[in-house]
Structure formats: structure tokens, C-alpha cells
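Student: I want a close look at one part of this model, not a tour of everything. Please pick a single helix, tell me how it sits, and then work outwards from there.

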Amino acid sequence: MSAWSSSLRARFKTFEFMVGSVLVGGIVLLVLASYFLYPDGGETIDLGKRLLKPFVDASHIFGTDSLGRDILARLVVGGRISLLVGSLSVAGAVVIGTLMGLVSGYYRGFWDALVMRFADIQLALPFILMAITFLAIIGGGLVNTIVLLVVSQWVQYARLVRGSVLTLREREFILSARAIGVRTRGILFVHLLPNLTGPLIVLMTLNVANNILLESSLTFLGLGVDPTIPSWGGMLADGRTYLQNAWWTSVFPGLALLLTVLGLNLLGDWLRDSLDPTSGASK
Amino acid sequence: MLALKKPLVPIMALALLGIFAAGPAAAQGTLVVSSPQDPGSWDPIDTFLVNWASVATNIYDGLTYRGPDGKLGPGLATKWDVLDNGTRVRFYLRKGVVFQDGEPFNAAAVKFTFDRLLGPEGAKGPQFSNYNAIESVKVIDDFTVDFKLKKPDPVLLVKLGGYGAMIVPPRYIQEKGEDWFNTHPVGTGPFKFVSYEPKIGIKLEAFDKFWGGRPKLDKLEYRFITEPATAVAELQAGRVDLVIPPTIPIGMISTINSSPNLKVVSVPGLTVLALRFNTAHGITQDLRVRKAIIMAVDRDAIIKTILGGQAIPIASFQGPLSFGFDPSMKPVPYDPKQAKALLAEAGVKPGAQIQIDIRNNDETFLEVNQAIASYLKQVGINATIKPYETNYMLNDIIPNGKTGEMFQQAWGGWTLDFDNTAYLMYHSGEKWNPYEKDPKLDALLESQRSITDVAKREQILQEIARYSADHAYEMLLYNLNSIYAINTRVKNFVAPPDSRLRLTDVSVE
């Protein structure tokens, strides 16, 4: 790789980090501030002020929706759902997936076969099919959506962890730990797990973005969170019928989603390059 | 990043359709109709869907006919006499009528139709119970038949004008079989079947030997378009001439009306909507709480704004077209102060939770419910909205009594008679009444079923309406208009209240 292109690449990496962290940091701050900014949760309706245009009324900068609710307030409050679902579902999937991966990678044999065949079966199911069946049977809602995402995604972590454990378990530091009598639990959590954090963190960051989109898709389809709670997917769905005469009802939540996911993906990309010694960019 | 497109795809598709909405005009003499649902079978005894009737009203005739004005008149029977205290009806049949496959229409065809409907073939379908007051059909001569009834049925003549009572061709069904008939319908109506593609559409053409004279259109095509935005885009593009209910979202009316060659035709409809109460569990067991919840919601404001005036308030679970409607009944007025007082009296603390169950396929109704939740919050009740897949809600959640404190009920009432609604909603043990058991109401409902004295029956039906309003079984919302969107090149279209269209006199430019 020539010096010119690698310096350009390094500059791009810095740019990725800057934009990513400003976007994600800004959105997280705004969403946290929403508890003070909009104590009504963006739910106050005003049937006399339906579908106000954006940038006209100072108290409704982004306009109002079909029930006269402030779009900006709902955007900021709606971010709570996105961030909550994104982070909790990934946290759940990481915990379950990592445990499963550690156990099946380290013990091999029966447990490995059981967990991995189960994972194979689950990977063969299309997500939307699974989501519709699952949510149609147990019903939508915030908690169920998170559970669905955890159930559908722990497999990725399990496979990632298992793969790494398979190579690590034969390495000298593990063998020596076993030789001096470290208990299995110690080996798994003290010696193996710290060696997996890099790839796990990268996968988590990218998955948060992906799960935010999945939650919005599900809510858009009427399967996800309760429609009384402001959420970006719900706002997109509400705005759909008004697209031709009130574009702002769906464009702003669409933009919010775009910026959040873009920010998270940039950060994830940067993290992967910085944490992965085999990728050329961090050198 | 590929996944990013997911929630945006429908929107981008919409935007594209909007941009390319330049119109290739449809062929001369052809009318294209967008209908939201494929009924799956065209056999009259297999269906209970109004969107079956939107097509089939053009293929089949009944002994009686009810036009868009709601008045009952002659169909394949030119006149009839009600005999023996309402237990026998004699029909005199129209002469010179042929089926679209060429076989003649006569008394034998009528007998065949009803023997089939009331026999084992009909018992498999949902139409059977509508007509089981009929004991037998007797052929008197080629053009006279007698219907013998087990008991008088005041709504029978109306029911003979639709759905299961459509007259079917005996020879054709016997030769081709039941399965063939499901997808290749033949009747005596103005249009004859050409082709049917499941989930895509059905094509019909003018039947030259129609007894009422050849229709003005040459061809009639229906396309099944479930997504409202797509149906409207196709209308704007000129690939569809008429979009029938229930499709057009209220929010799109102004967009459609702003196109010079399109217009919205809105007529008083038959659909009534309510949020019914769970009277067996939760805070809504208490009559005072139910009344308070009703008073807390400004239904008039919702009709004027969200529904753009495309509905009228109701005081019982029926519209003004329904027999049993009492114009002197008034909706419960909006009164949040009184609502708060009632809630306090009932011991309901601010912050009490209730759940509203709705179907997940109606955007306008979702908006209405968000407004309702917001009104309820102002009197201290936190309502969550739970959308269910429609079939799941209709076949499990409601009949098995698994609803939240309130649940959506939309009702068509095609017979224009409150009995059809009230009996199924309020009589104990009925599918739509999982919670209430009231012997007094049961007795009222049963008493009107075999009365042929019209005035007496109307009085009892009105009493039922008042009784149910006094007990606040539901928050009555509105009677929704039937909203059609139409290209102005379509002439002579008279919008029926329930999308049972008969397009004999319609023409296109």
C-alpha cells in the first residue's frame, strides 16, 4: 500500500470516528435531555393544529402530525425507544450468545452439537417470518420486541465466540492454566473471555444499529411497540398516508433513523479497524 | 448498510409511483376497479365478505334486489305474496331469463339453489345460518315457487337479495362440479365471467342476453390491491378507474380531490365502529367507569378533524339506514368534568391503566385511538393500544374473552336491520359477546325475532338500543361513510352504501 493512500485512509478513519461519535453522542444526549425538554412525552394532541408545516410556527419547528402533536418532541422522545431496544436487545443477545459459545466451544462434544444444531435451525428461519409468527402469537409491545430480537440474534454471538474459543483452547496459556489446576469457570471467564472482547464489541456496535432498524421495521408493520408510545417506526407508519400532502410527518423520523444508524455504523467500522490487528488501517 | 433501506422501501416505492403518475388511459368501454380483498371463491355459499359482493352483484341475481338507495325491489322474482301468517312466501318468477352459460332460469333453478344452500354443501359454508328459517322450497309450476318457513323471518326478503341466496345454474354445477364453480362463476347478471387470477384480479365482460338489457360497459376488470397507497397511485396513474371501500384513508381525500380528473364520492355507509367494554374484568366492570370513559372522549371533535367529517356520531350500534334506528336517541355528550367526578365516585385513582385492543390494518382507526388515549389521559386514565392481526383478534381474542378493557368492533349490518347487529352483539353466548349475560336483554332480543308486525318490532329494537346504551356496553364512535375514489371519465356511477356495486348503467368516456 502506498504512503499516499495509507495517509488518506488514516485521515478517513479519523473522520469516521469524529462524525460517528458526534452523531451518536449528540443523539444520546438529546434523548436523555428529552425527559426535561418534553415532560409530556410528545403525546399532547391538538386537533386544531393538525399537519402544520415545518419551519413556520416557532413552537413547532418541525411541524405537527395528523393529530397536531409536535414532530420534534416526538422525534426526541421516540429516540428513547430506539436506543432502549437497540441496547437492551444487544445486551441480552451478547450475554446468552457468549455463554452458549463459550460452553460449546470449550466443552465440544454433546453440548457443542446441541447448541450449534439449534443455531443452524434458527439461522434457517427468515427473520420476518419468525418475527410475524412470534409477535402475532404473544402480541407486540416493547418487552416482547426486545425478547424477539434477543432470541433471533444470540446465534451470531454464539458462533463468533465458539469459533474463537476453538482456536484459543489449544493455545499454551490455556493449556498451562489447565495444567496448574485453574477451574473451568476461571478459564472461561478470566482467560478466554478477555481475549474475545474486541470482535464482540465491534459486532455489538453494528448490531445496535441493525436492531434499531429492525425495531422500526416491526413497529412500522404494526408488530412492534405500542402505537401510543412515540417511536420512529411508528411515526413513519403514521405519516405514510400523509406522504403526498405532509411530507414532514415521515421525512423527519426517517432522517433521525438514518443519522443514528449512520453514526453507529461509522463508529463500528472505526472500532473494527482499531481493535483488529490484522486489518491494515490501524497501523 | 443494506438493512437501512427496509423501513424506507415502501415510502420510496410510493414516491416513485407518485412521480411517474402520468396516465396511460384505459381502453374504451373498459372499467377497472380496485378492490382491497380477494374473497378466494366466487360461490355464493362460500362467502361473507362484502368485497365478494362488489364483484358478484354483477354476475348473479337474487329473487329480490336492493339497489344503492337501500329500497327493496323485484329481482328474478317480479312479485311475491306473504301467506299463512308469514310462514309461506310465494314468488312469481321473471320469464325469458337465461344464465350466462345458456341454460334457462326457472323454478327448478330456484329450488336447486336453495336445496344446495340448505343441504350438506351449504352447511359447510358461512351462509347457511342466515337462511335456515327456510324449511323447504316447492315448485308450483315453471315460474312459481313457494318458500315454506319454519317460523316467520322478518328480514328474509332482504336476505334473498344478497350473498347466499344468489340463484345459481343447476346444469352447469352438476356437470362441472363444485370446485370448478368456485373459480368459474355463472349467474344471470349483467356481466359474465372471463378469467380469474387469485390475489391478482377477475375479469368480466358484458352479457349480451342479460334480461335487463346489455350493460353499457364492454369489459369490467377488478384488481385486488390491498395497500391503500398503491391503489391511490394506480388511480392517479390512470390504470384504475374506481377505488372501492374500504380502501381510501381519510388523509388522502384532499390529495385525490386536488387532481382535476379524479374525485372522491362519499355516501352514508353501513359500517359502525365502537370500542366495546370488557364488562367482566378490570375497572370497566363498573358501569360508572364505563360511562366516565365515554364522556371523557370528544367524539365530535374526532369526527370533524381526524375523519374530516366523513362520519356521523351514533347513539346506538347502528346507522340511520338501519331498521330499529331511533332518531330521538342522542350520543352521550363530551363532559370531562363529569367523567372525573364519576371516576372518583367509583374509586378509580388517577393513573389507572386500561388496554385498548384494535386490528392492525386500519390506519385511520389507529389515529382515532391515539386521540382517544390522549383524551383519557386528561381524566387520569392511561390507555395503551394493542394492535392484533385481524383474524387472530376476530377468531380468538374476542370470542374467547381475552381482550383488554376495551376492544374494537366494526360492524357492517348489510341487512339494514338492527336485529342482525344486536342479536350477535348482546345475546348471551354469541361469538361477539364474550362477557355479558343478561336474561332481560336476551328475552328482548328473542322476542322480536318472530314478530311480523313491523311497528311492534321496530319498537322492541329501539328498546334494545336504549337498553344497551343505558348499560354502556360500548363507547359508540361513529357511522363511517363509504368512500369511493373515481376517475371523472366514469359516468352514471351511483355509489351504494356498502360497496355492493351493480355497474349495469355505468359507462366510460
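Tutor: The answer starts at one helix of chain B and moves outwards to the domains, the contact between the chains, and chain A. Keep in mind that this is a predicted model.

Take helix H15 of chain B, residues 418-426. Is H15(B) enclosed or open? Seven of its nine residues are buried, so the rest of the structure largely encloses this helix. Early in the helix, the buried residues include Phe418(B), Asp419(B), Asn420(B), Thr421(B) and Ala422(B). Further along, Met425(B) and Tyr426(B) are buried as well. So the buried set holds Asp419(B) and Asn420(B) alongside Phe418(B), because a residue counts as buried if 20 or more other C-beta atoms lie within 10 Å of its own, whatever its type.

What covers these buried residues? The cover includes one strand and two helices of chain B. The strand is S17, residues 406-411. The helices are H16, residues 439-447, and H17, residues 454-470.

Now step back to the loop that leads in. Leu416(B) sits between S17 and H15 of chain B. Its phi is near 55°, a positive value in a residue other than glycine. Most residues other than glycine have a negative phi, and most peptide bonds are trans. Leu416(B) has 21 other C-beta atoms within 10 Å, so it counts as buried.

Next, the nonpolar cores. In soluble globular proteins, nonpolar side chains tend to be buried together. The largest nonpolar core has 72 residues. Within it, Leu31(B), Leu242(B) and Val243(B) touch the most other members. Domain 1 and domain 2 of chain B both give residues to this core, so it lies between them. A second, separate core has 68 residues, and Leu416(B) is one of its members. Ile250(B), Ala371(B) and Ile464(B) are also among them.

Look at Leu31(B) in the largest core. Beyond its neighbours within four places in sequence, Leu31(B) is in contact with Leu217(B), Leu220(B), Asp241(B) and Leu242(B), among others. Its contacts also include Val490(B), Leu503(B), Val506(B) and Val508(B).

The domain assignment gives chain B three domains. Domain 1 is built from 30-59, 189-268 and 482-508. Domain 2 covers 64-173, and domain 3 covers 272-480. The C-alpha centres of domains 1 and 2 of chain B lie 26 Å apart. Across that pair, 16 residues of domain 1 are in contact with 19 residues of domain 2.

One peptide bond in chain B deserves a check. The bond joining Pro245(B) and Pro246(B) is cis, with omega about -5°. Pro246(B) lies in the loop between strand S11 (242-243) and helix H9 (253-257) of chain B.

Where does chain B meet chain A? In total, 33 residues of chain B are in contact with 32 residues of chain A. H13(B) gives the most to the chain B side, with seven residues. Elements that each supply at least two residues include helix H1 (9-19), helix H11 (299-305) and strand S16 (381-388) of chain B.

Finally, chain A. It has ten helices and zero strands. Of its 283 residues, 43% count as buried. Its C-alpha trace spans about 75 × 55 × 35 Å along the principal axes.

Two packed helices are described by the angle between their axes and the distance between the axes. In chain A, the axes of H8 (residues 197-220) and H9 (residues 232-240) come within 7 Å and cross at roughly 40°. That makes H8(A) oblique to H9(A). The crossing is right-handed. Glu215(A), Leu218(A) and Phe220(A) are among the H8(A) residues in the contact, and Trp232(A), Leu236(A) and Ala237(A) are among those of H9(A).

Val202(A) also lies in H8 of chain A. With 21 other C-beta atoms within 10 Å, Val202(A) is buried. Leaving aside residues up to four places away in sequence, Val202(A) touches Gly268(A), Leu271(A), Arg272(A) and Leu275(A).

Compare one more backbone outlier, Arg108(A). Its phi is positive, about 55°, although it is not a glycine. Arg108(A) sits in the loop between helix H2 (71-107) and helix H3 (109-124) of chain A. It has 14 C-beta neighbours inside 10 Å, so it counts as partly exposed, whereas Leu416(B) is buried.

Methods. Residues are numbered from 1 along each chain as its sequence is written. Chains are lettered from A and ligands numbered from 1 in the order in which they are written. This is a predicted model: local features need pLDDT of at least 70, side-chain atom pairs count only at pLDDT 80 or more; totals for chains, interfaces and linings use all residues. A residue is buried if 20 or more other C-beta atoms lie within 10 Å of its own, exposed if 12 or fewer, and partly exposed in between; C-beta atoms are placed from the backbone. Helices (H or I, at least four residues) and strands (E, at least two) are DSSP runs, numbered from the N terminus. Two residues are in contact if their C-beta atoms, placed from the backbone, lie within 7 Å. A nonpolar core is a set of buried Ala, Val, Leu, Ile, Met, Phe, Trp, Tyr and Cys residues joined through C-beta atoms within 7 Å. Domain bounds come from an automatic or database domain assignment. Axes are lines fitted to C-alpha atoms, for helices over the stretch in contact, and angles run from 0 to 180 degrees between N-to-C directions. Angles under 35 degrees count as roughly parallel, over 145 as roughly antiparallel, 65 to 115 as roughly perpendicular and the rest as oblique. A crossing is left-handed if the near helix is turned anticlockwise from the far one by less than a right angle, and right-handed if clockwise.
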